[in-house]
Every structure is written in structure tokens, then in C-alpha cells.
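Let's take a walk through this protein together, one piece at a time. Have the picture open as you read.

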Amino acid sequence: MPNYLRMRVNGGTWFFTVNLHDRKDDLLVRHIEELRQALGKVKERYPFEINAWVVLPDHMHCIWTLPSDDSNYSQRWRAIKKAFTKSLPGSPTVWQKRFWEHCIKDDRDYAAHVDYVYINPVKHGFVKTACEWPYSSFHRDVKRGLYPADWAGEVEDFSAGERKAGG
């Protein structure tokens, strides 16, 4: 069995993709409150900053920043997955065993990955604009003035790292 090595950076900012075992299931949005509760419990015990998050029916993308003295994102994912799974008694295998992570390198890399998080429901055809998708921190970032409410990042014109107003 392979031994996966993961990069460790105290206080790092990370992009993640986490998938359900059954990629045709809509478990994540059907049980969004249970996912939120699992996340809240884990954040209390193992703090981290949520920079961006989108939950789709069968997978989610997010960006976190860990505390300056901590690099253990795997512990957090293990705890989130476990708490969510426990909230769904009798569920078969819920999660894929692994997740994908990327350490954010700089401001441009950060902007490209936040855009990717927010455009994902549009890319998958669930909505026409990012603002229409309810399971996203996009709405928080609109309130903070980081994105215009009508930002959609038209999929055919989308280039990682470039924000397009309107659309």
C-alpha cells in the first residue's frame, strides 16, 4: 500500500477538494445542516479560517488557513468526515478515502483558487451565476465587498485568476 506524503506548512493556506464515495449522490446538499454542524464542532476543537467554501451535491471545494503553529489539515478532515458520517446512521461508505490538497503559493494563486471555488456550481450547470448557489461562502464575500453580486465568471470565458464582473 502506498505511503502518501503530504506537505506540511505551519499557518499555510490550502485549497481542498473532497469527494463523496458515490459521485452520483446528493448527500452533501441534502444533509447540509449536518455538514455545517460537523464543521462547527471540528472548528471549535481544531481552529482554522475558512477563506472560501462551496458545497456541491457530491463534492466540495474550500480554502482554509491554519493557525500559525499548526499544519495538521488531515486531522481536521478526518474529524469532519467522521462527524458528518456519524450524523447519518446506517449510511454506507460516505467519503472517498483521500482528498486533494494544494498549498497556496501567492496572491495570484489564491485569487485563482477562490474564483475556482465560486465558479464551480456554474461550471457544473447547477446555476447560471455564482450568486444563485446557496451553499457557498460567495455570499459572505459579496457582503464584504470582495466580489460583485452579479459575478458569474462566465464559464466559456473563465480564466483562472481573472475576475469578470457582470456576466
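**A hairpin and its surroundings**

A good place to start is the hairpin that strand 2 and strand 3 make, with three residues between them. Strand 2 covers residues 49-55, and its pairing with strand 3 is antiparallel, with six bridges. To find your bearings in that pairing, look for Ala-52, which stands opposite Ile-63 of strand 3.

Before going further, keep in mind that what you're looking at is a predicted model. The average pLDDT for the protein is 89, and 87% of the residues score at least 70. One stretch to treat with care is residues 155-167, where the pLDDT is below 50. That stretch still has 31 contacts in the model beyond near neighbours in sequence. Where pLDDT is low, though, the predicted coordinates shouldn't be read in detail.

Back to strand 3, then. Strand 1, residues 13-19, also pairs with strand 3, running antiparallel to it and joined by seven bridges. One of the pairs to look for here is Asn-19 with its bridge partner His-59.

So how many of the residues of strand 3 are buried? Seven of the seven, for residues 59-65, so the strand is largely enclosed by the rest of the structure. The side chains split into two sets: His-59, His-61, Ile-63 and Thr-65 point one way, while Met-60, Cys-62 and Trp-64 point the other. Whichever way they point, all of them are buried.

Now zoom in on a residue in strand 1, Thr-17. Is Thr-17 buried or exposed? Its relative accessibility is 13%, and because buried means under 20%, Thr-17 counts as buried. The side chain of Thr-17 makes a polar contact of 2.8 Å with the side chain of His-61. Setting aside neighbours within four places in sequence, Thr-17 touches Met-60 and His-61, and also Phe-99 and Trp-100.

Our last stop is Val-117, which you'll find in helix 4, residues 107-123. Val-117 has a relative accessible area of 0%, so this residue is buried too. What is Val-117 in contact with, leaving aside its neighbours within four places in sequence? The list holds Phe-15, then Ala-52, Trp-53 and Val-54, and finally His-61, Cys-62 and Ile-63. Two of these names, Ala-52 and Ile-63, are the ones we met standing opposite each other in the hairpin. As a parting landmark, find Ser-137: Val-117 is 20 residues from Ser-137 in sequence, and their C-alpha atoms are 9.3 Å apart in space.

Note on methods. Residues are numbered from 1 along each chain as its sequence is written. This is a predicted model: local features need pLDDT of at least 70, side-chain atom pairs count only at pLDDT 80 or more; totals for chains, interfaces and linings use all residues. Side-chain values use heavy atoms; hydrogens and water are left out. pLDDT is the predictor's confidence in each residue, from 0 to 100. Contact means heavy atoms within 4.5 Å. Buried means under 20% relative accessible area, exposed over 50%, partly exposed in between (1.4 Å probe, protein chains only). Helices (H or I, at least four residues) and strands (E, at least two) are DSSP runs, numbered from the N terminus. Two strands pair if DSSP finds at least two bridges between them. A polar contact is a pair of N or O atoms within 3.5 Å; within protein, one must be able to donate a hydrogen and the other to accept it, and residues adjacent in sequence count only if both atoms are side-chain atoms.
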